[in-house]
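Student: I am new to this structure and would like to understand the words people use for it. Could we go through them together?

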Amino acid sequence: MILKRLLSLLIIFCMIFCLSCTTSTVAVRDKEKDKATTENITETGIENSAEADGESVIEVTEPFSDDSETEIEPVPETEPEEIVPAIAYTDIMLDVPYISQKDILPNGCEAVCATMLMQYYGIEADALDFARYYMLRDVFIKDEEGRVFGPDPEEVYVGDPEIDDGGFGCYPSVITESLERCLPEGYIAIDISGMNINEITNTYLADNIPVALWMTVDMKKTEKVVSWYDKADFDNEEPRVIEYPANLHVMVLCGYDGENFIFSDPYDSRGVVKHSYEDTLMIYESMGRRAFAINKNF
């Protein structure tokens, strides 16, 4: 009888011992699993979070790596046109009178260049007078909604060239039309937009005719444009948007030395400056091949 009771106690003890071992094993495995999950989250920079109802709101994404091997295709460089100087000319420098726009017309490089060209021919002219009394100009207006409307730079100078932040500019057609209002008999203003650099060099510069070119300040690429609604569409529900390069600049092309173009640059009293053929070509093309000249009307 005693033996039966001892045997029963031994069986119960064994069952309790086995159950305890199983529970411990499960607990250890769960802890190891939790540890692995935590380490994985830490490595990817994702913090664990959940709503009150227990639903996970983690969005797993690959972390950004500075070691990325993504390659950026380089922009192909445009091969510059080969310079073909006119016969008997390798170097040329025209004696164009220099005028600075500083403190006179901070945003009136077009008017200053037109005046330099007039003075080159011995025509008595003043840059400020030309801008005030002869250059076609118009201003900005706003509608009831506060939208800004302005003129077309192909038709008039936009804004006020005498103010630092109040003027923008215009294109050659405006200057040639304005010059027609003041040029003496025997002279003509010519819009030669569309001609390439070689044509301008060989047709005009080589024939002792300086040319005003639409370029940029310090030959820098345009990174910003300003825009406004076309004043002609003031009453339209969907007016045309006009965009204008923020760093557009006009200079007088007055020479070439076989490697560089030579300009009279009115900006900030820069004076006579040189720019490489490649830079001149790139910027002139990017500004739409815009240029004008004054010639004698034979």
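Tutor: Gladly! This is a predicted model. Let's start with a single pair: in β13, Lys274 is the bridge partner of Ile262.

Student: How do you know that β12 and β13 pair, and in which sense?

Tutor: Pairing requires at least two bridges between the strands. β12 and β13 are joined by six bridges, so they count as paired under that cut-off. They run antiparallel. The hairpin they form has five residues between the strands, and Asp268 there takes a positive phi near 50°.

Student: What makes β11 and β12 a pair?

Tutor: Strand β11 (residues 248-256) shares four bridges with β12, in the antiparallel sense, and a pair needs at least two. Tyr256 stands opposite Phe261 in β12. These strands form a hairpin with three residues between them, where Gly258 in the turn has a positive phi of about 95°.

Student: Why is β12 called mostly covered?

Tutor: A residue is buried when its relative accessible area is under 20%. Five of the six residues of β12 meet that mark, so the strand is mostly covered. Across the protein chain of 298 residues, 37% count as buried.

Student: Why are β3 and β10 called edge strands?

Tutor: The open sheet has four strands in the order β3-β4-β9-β10, with mixed pairing. β3 (141-142) and β10 (241-245) each pair on one side only. As for β3 and β4 (residues 148-150), two bridges join them and they run antiparallel. Two is enough, because the cut-off is at least two bridges. One of the partners is Val148 in β4, matched with Lys142.

Student: Which residues of helix α6 are buried, and what covers them?

Tutor: In α6 (residues 277-286), Tyr277, Thr280, Leu281, Ile283 and Tyr284 are buried. Their cover includes α5 (197-203), β8 (211-216), β12 (260-265), β13 (271-276) and β14 (291-296). After α6 comes Gly288, with a positive phi near 90°.

Student: What makes a group of residues a nonpolar core here?

Tutor: Its members are buried nonpolar residues joined through side-chain atoms within 4.5 Å. The largest such core has 66 residues, and among those with the most contacts inside it are Ile175, Leu179, Phe263 and Phe292. Helix α2 (residues 109-120) gives the largest share, eight residues.

Student: How do you know what Phe292 touches?

Tutor: Contact means heavy atoms within 4.5 Å. Leaving aside neighbours within four places in sequence, the contacts of Phe292 include Ala114, Leu117, Ile175, Leu179, Val211 and Trp214.

Definitions and conventions
Residues numbered from 1 in each chain as written. Predicted model: local features only at pLDDT ≥ 70, side-chain atom pairs only at ≥ 80, totals over all residues. Heavy atoms only, no water. Buried < 20%, exposed > 50% of the residue type's maximum accessible area, 1.4 Å probe, protein only.
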